[in-house]
Amino acid sequence: MKMLVTGATGQFGSIVVETLLQTVPAENLAVSVRNPEKAAHLKAQGVDVRHGDFDQPETLAEAFAGIDRLLLVSTDGDNKTRIRQHQAAVEAAKQAGVSFIAYTSLAKADESTLSLAEVHRATEKAIKESGIAYSLLRNNWYVENEAGTVQGVLHGAPWLNPTGDAKISWALRSDYAQAAAAVLAGEGHENTVYELAGTPRTQKELAAIASNVLQKDVEVVNVDDAGFKEALSGAGLPGFVVDMLVEMQEPIRQGSLDVESTDLEKLLGRKAQPLDVFVQALMNK
């Protein structure tokens with residue numbers, strides 16, 4: 001059985017590959033990357049490094065040839081581009097005779113009001129319609145998304161909270177990635193949907209975790225969308241990024257990322273890592 005991971009040199013995919021190599025023989029593992037030279041370290045370990053560019057569908061068909069199980073890691077970009085890329089990948093997988101696709105989706109993708117959910121709904125639909133057995137890995141929010149906030153606190157800024165008492169089911173990127181590896185290399189995951197989430201917490205609760213690790217008081221300041229936008233703009237972020245981040249806050253307030261689920265821990269076979277691990281890692285950089 002041969003398995004392949006897309007985006008294997010990215011932050012998520014690289015952890016998946018590293019995890020797989022602990023239990024899967026390198027000759028059974030392939031990766032699809034846009035720049036194969038960036039995966040030279042994997043090739044040196046015996047991994048089958050293949051060229052696959054989501055903007056060149058013909059390369060994907062070749063990259064997926066002879067693959068039994070595929071982990072499709074969602075790409076970056078605007079919604080229209082990502083939908084096109086993902087659909088091309090699903091079609092290439094079908095042409096190549098792939099028998100199983102695991103896909104990194106989004107929390108409650110079928111009902112979420114987050115604009116990002118459009119991509120994942122469309123991709124989930126394409127996968128189901130392909131007839132290929134699947135596992136939809138609906139990742140909640142990476143706690144690493146809050147790195148900028150923690151770094152700001154380290155430099156004396158307050159913790160801005162635009163989501164009030166809404167809860168977010170943060171978990172570490174490495175836990176999501178290790179769960180994906182478990183599904184790709186495991187058995188009994190055909191036609192499953194996993195809501196992968198940590199314990200739901202408010203921004204205030206996450207700030208308290210950070211405060212404990214940093215050993216300093218963290219001031220939590222509630223802000224509306226206008227105030228949040230002003231703060232982000234003042235931080236020098238590009239306008240389109242600011243707009244995207246602000247747009248997300250109302251769906252989060254509506255509960256789009258509030259998920260009670262034990263799926264992540266079941267796949268990991270252990271408890272999810274505590275969120276203070278993330279804060280400690282930032283301090284050690």
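The following paragraphs describe the overall dimensions, nonpolar cores and selected residues of a predicted model of one chain.

The predicted chain is built from 12 helices and nine strands. Its radius of gyration is 19 Å, close to the 19 Å that the globule rule gives for 285 residues, so the chain is as compact as a globular protein of that length. The C-alpha trace, taken along its principal axes, spans about 55 × 35 × 35 Å. Of the 285 residues, 52% count as buried, and the area that the chain exposes comes to about 13,100 Å², of which carbon and sulfur atoms supply 48%. When contacts between residues at least 6 apart in sequence are considered, 75% of them join residues at least 24 apart. The chain carries 26 positive and 38 negative charges, and the mean positions of these two sets lie 2 Å apart.

The largest nonpolar core contains 37 residues, among which V5, V16, L20 and L71 touch the most other members. Contributions of at least two residues each are made to this core by the strands β1 (3-6), β2 (29-33), β5 (100-106), β6 (133-139) and β8 (192-196), and by the helices α1 (11-20), α7 (173-185) and α11 (263-268). The largest share, seven residues, is supplied by α7. The surroundings of V16 can be given in detail: with neighbours within four places in sequence left aside, V16 is in contact with V5, L71, A177, A180 and A181. A second core, separate from that one, comprises 30 residues and includes A147, L214, M248 and V259.

Helix α6, which covers residues 147-154, has A147, V150, G152 and V153 as its buried residues, and the elements that cover these residues include the strand β7 (159-161) together with the helices α8 (203-214) and α12 (276-283). Just after α6, G156 adopts a positive phi of about 95°. Within helix α12 lies V279, a residue that is buried, with a relative accessible area of 1%. Apart from residues up to four places away in sequence, V279 touches V150, A210, V213 and L214; V150 is one of the buried residues of α6, while L214 is included in the second core. The C-alpha atoms of V279 and A147 are 8.0 Å apart in space, although 132 residues separate the two in sequence.

Two further residues were examined for their contacts and their burial. E124 is placed in helix α5, which runs over residues 117-130, and E124 is buried, with a relative accessible area of 4%. With residues up to four places away in sequence not counted, E124 touches Y103, S105, A109, L136 and R138. T202, by contrast, is found in a loop, the one between β8 and α8, where its relative accessibility of 10% places T202 among the buried residues. The residues that T202 touches, again without those up to four places away in sequence, are D165, A166, K167 and W170.

S14 belongs to helix α1 and counts as partly exposed, at 30% relative accessibility. Once neighbours within four places in sequence are left aside, S14 is in contact with G7 and A8. From S14 to R121 the separation is 107 residues in sequence and 25 Å in space, C-alpha to C-alpha.

Backbone geometry also draws attention to two loop residues. N191, located in the loop between α7 and β8, has a phi near 55°, a positive value in a residue other than glycine; at 48% relative accessibility, N191 counts as partly exposed. Q215 lies in the loop between α8 and β9 (220-222), and for Q215 too phi is positive, near 55°, in a residue other than glycine. At 74% relative accessibility, Q215 counts as exposed.

How values were computed
Residues numbered from 1 in each chain as written. Predicted model: local features only at pLDDT ≥ 70, side-chain atom pairs only at ≥ 80, totals over all residues. Heavy atoms only, no water. Helix = DSSP H or I, 4+ residues; strand = E, 2+ residues; numbered from the N terminus. Rg over C-alpha atoms; globule rule 2.2 N^0.38 Å. Buried < 20%, exposed > 50% of the residue type's maximum accessible area, 1.4 Å probe, protein only. Contact = heavy atoms within 4.5 Å. Areas by Shrake-Rupley, 256 points an atom, 1.4 Å probe, with all protein chains shown as cover. Lys, Arg positive; Asp, Glu negative; His and termini not counted. Charge placed at Lys NZ, Arg CZ, Asp CG, Glu CD. Core = buried A, V, L, I, M, F, W, Y, C linked by side-chain atoms within 4.5 Å.
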